[in-house]
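Q: Could you take a close look at the surroundings of the ligand in this structure, and describe them for someone who is new to it?

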Amino acid sequence: PPFPIFLAGVVQRGFGRGGKDLGCPTANLPDESITPMSSVCKPGVYFGYAQVYGLSGQEGKVHPMVMSLGWNPFYKNERLTAEIHLMHDFKSDFYGNDMQAVVLGYIRPELDYTSREALIEDIDADKRAYMKFGVDPNPTNDALEERALL
Ligand code: ADP
Ligand code: MG
């Protein structure tokens with residue numbers, strides 16, 4: 001895909017399922033704002049940077065993020081949704097706030113999880129992969145191999 005990809009929209013309420021319990025809340029973008037991505041990317045986990053507007057003390061702050069582009073059960077799995085986990089400890093929720101993101105690269109395909117433990121483990125691996133390789137949109141073969149072993 002033609003990275004970087006730019007996304008922007010108002011943070012939507014999702015099903016409220018699991019995200020926070022798993023220690024990994026994901027801010028959902030509105031459906032109409034993800035076309036720049038869903039038209040050129042397959043489902044999976046991606047990385048980049050994002051910022052949220054209208055939070056005091058946060059104005060203009062840019063945070064690393066990992067993002068899931070996945071099939072939405074609400075639409076009988078016929079539509080993709082984009083959910084962004086920002087690597088920052090926010091003091092409160094920010095539903096309704098404007099969010100902007102730049103997607104820089106792909107981490108792994110979308111997976112079906114049978115256990116919470118497996119999911120949590122993978123999210124942690126995604127964050128480690130990001131911290132190590134995230135700022136390089138064109139990693140070398142060595143780096144990709146190492147990433148696969150994380
Ligand atoms: P929902 O299904 O409504 O998206 P989540 O459990 O995924 O519920 O929580 C997402 C919400 O949590 C976001 O919309 C945002 O308001 C809040 N939030 C707090 N911290 C973060 C963070 N670091 N990254 C993403 N969202 C966060
Ligand atoms: Mg969410």
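A: Strands, as the word is used here, are DSSP runs of E with at least two residues, numbered from the N terminus. With that in mind, and keeping in view that this is a predicted model, one can begin with the strands that border ligand 1: β2 (27–28) and β5 (80–86) each give at least two residues to the shell around ligand 1, and β5, with 3 residues, provides the largest share of that shell.

The shell has 20 residues, of which G14, G16, L86, F94 and Y95 come nearest to ligand 1. Sorted by class, the residues around ligand 1 are 9 nonpolar, 7 polar and 4 charged.

Several polar atoms of the protein face atoms of the ligand. A polar backbone atom of G14 is 2.8 Å from an oxygen atom of ligand 1, while in the case of N28 an N or O atom of the side chain is 3.0 Å from an oxygen atom of ligand 1. L86, for its part, has a backbone N or O atom that lies 2.8 Å from a nitrogen atom of ligand 1. Taken on its own, ligand 1 has 560 Å² of accessible area, and the protein covers 94% of that area.

One of the residues that come nearest to ligand 1, Y95, also has a charged partner within the protein, since the charged end of R13 sits over the ring of Y95, at 3.9 Å from the centre of that ring.

Methods
Residues are numbered from 1 along each chain as its sequence is written. Chains are lettered from A and ligands numbered from 1 in the order in which they are written. This is a predicted model: local features need pLDDT of at least 70, side-chain atom pairs count only at pLDDT 80 or more; totals for chains, interfaces and linings use all residues. Side-chain values use heavy atoms; hydrogens and water are left out. A residue is near a molecule or strand if one of its heavy atoms lies within 4 Å of it. A polar contact is a pair of N or O atoms within 3.5 Å; within protein, one must be able to donate a hydrogen and the other to accept it, and residues adjacent in sequence count only if both atoms are side-chain atoms. Accessible areas come from the Shrake-Rupley method with a 1.4 Å probe; for residues, only the protein chains shown count as cover. Helices (H or I, at least four residues) and strands (E, at least two) are DSSP runs, numbered from the N terminus. Ala, Val, Leu, Ile, Met, Phe, Trp, Tyr, Cys and Pro count as nonpolar, Asp, Glu, Lys and Arg as charged, and the others, Gly among them, as polar. A charge sits over a ring if NZ of Lys or CZ of Arg is within 6 Å of the ring centre and within 35 degrees of the ring normal.
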